[in-house]
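Student: I should like to work through this structure step by step. May we begin with single residues and then turn to the interior?

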Amino acid sequence: MNNYIKEFSGYLGQLGATERDEVVSFYQEYLEDGEFETYDQAVGELGSPKQLARKVLADYSIRLLDGTPNQAAEPKAQSEVRTIWIIILAILSTPITIPIAIVVLAIMFAVMVSAVAIMFAAAVIVFSILLVAVVAIFFGISLFGINGWVAMTYLGGGLAAIGAFLILIPALVWLIRGLIRGTLAISKWLYAKLSRKNKAEERRDQ
């Protein structure tokens, strides 16, 4: 049992020291009270150390995003992306039947690919406008001594393109944040549907 707890604790590196100690103590006390003395007995009761750790990390990350008012109002994209990844790992570690697993993986893959494709396409469009602006200004400066009106046309177009770029940057950021939050919401929904409390959590909540 000690080997199980030691391995379980090693997978909780993303938690702070206090949170990790609390979680490890909780499951260690549960196993001791239930007299699960061997590694295999602990696995039979709670799943493998990696499965249990991934569930703990997913639950903790979701609570961290949902439970803190400031983070809930304006969560950081980096924390959200990390939470999405942790949830995906937890879902993949959840014992589910093969047909359900195929459906879940298909949904997650479709959501991730769609989100990345939209973000990439939007970024390409926005930075293409910047490239057009730079080229137009370059030609405008090059033609200034040859044909002033044509040069002014290029310069005007280039400046307009820069203006459009500056306007679209906040829109791009908003789109990326929206896609991340949408992907997070879908991931949390799937996790809520598939994740079940283990026996230790059920006993704690009684």
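Student: In which helix does Glu-45 lie?

Tutor: This is a predicted model, in which local features need pLDDT of at least 70, side-chain atom pairs count only at pLDDT 80 or more, and totals for chains, interfaces and linings use all residues. Residues are numbered from 1 along each chain as its sequence is written, and side-chain values use heavy atoms, with hydrogens and water left out. Helices (H or I, at least four residues) are DSSP runs numbered from the N terminus. On that numbering, Glu-45 belongs to helix α3.

Student: Is Glu-45 buried or exposed?

Tutor: Buried means under 20% relative accessible area, exposed means over 50%, and partly exposed lies in between, with a 1.4 Å probe and protein chains only. Because the relative accessibility of Glu-45 is 14%, this residue counts as buried.

Student: Which residues is Glu-45 in contact with, leaving aside neighbours within four places in sequence?

Tutor: Contact means heavy atoms within 4.5 Å. With those neighbours left aside, the partners of Glu-45 are Tyr-30, Phe-36 and Lys-199.

Student: How does Glu-32 count by relative accessible area?

Tutor: Glu-32 lies in helix α2. Since its relative accessible area is 42%, Glu-32 is partly exposed.

Student: Which helix supplies the largest share of the largest nonpolar core?

Tutor: A nonpolar core is a set of buried Ala, Val, Leu, Ile, Met, Phe, Trp, Tyr and Cys residues joined through side-chain atoms within 4.5 Å. The largest such core has 35 residues, and Phe-8, Tyr-27 and Ile-91 are among those that touch the most other members. At least two residues each come from several helices, including α1 (2–10), α2 (17–33) and α4 (49–67). The largest share, seven residues, is supplied by α4.

Student: How many cavities of 30 Å³ or more are there?

Tutor: On a 1 Å grid over the protein atoms alone, a cavity is a set of points where a 1.4 Å probe fits but cannot get out, and lining residues have an atom within 4 Å of a point. Grid points are joined across faces, edges and corners, and a volume is the space filled by probe spheres set on the points. The largest cavity holds about 60 Å³. At 30 Å³ or more, the count is one cavity.

Student: Which helix gives the largest share of the lining of the largest cavity?

Tutor: Among the lining residues are Ile-88, Met-108, Ser-187 and Leu-190. Two or more lining residues come from each of α7 and α8. The largest share, four residues, comes from α8.

How values were computed. On a 1 Å grid over the protein atoms alone, a cavity is a set of points where a 1.4 Å probe fits but cannot get out, and a pocket is an open set with protein on both sides within 12 Å along at least five of seven lines; lining residues have an atom within 4 Å of a point.
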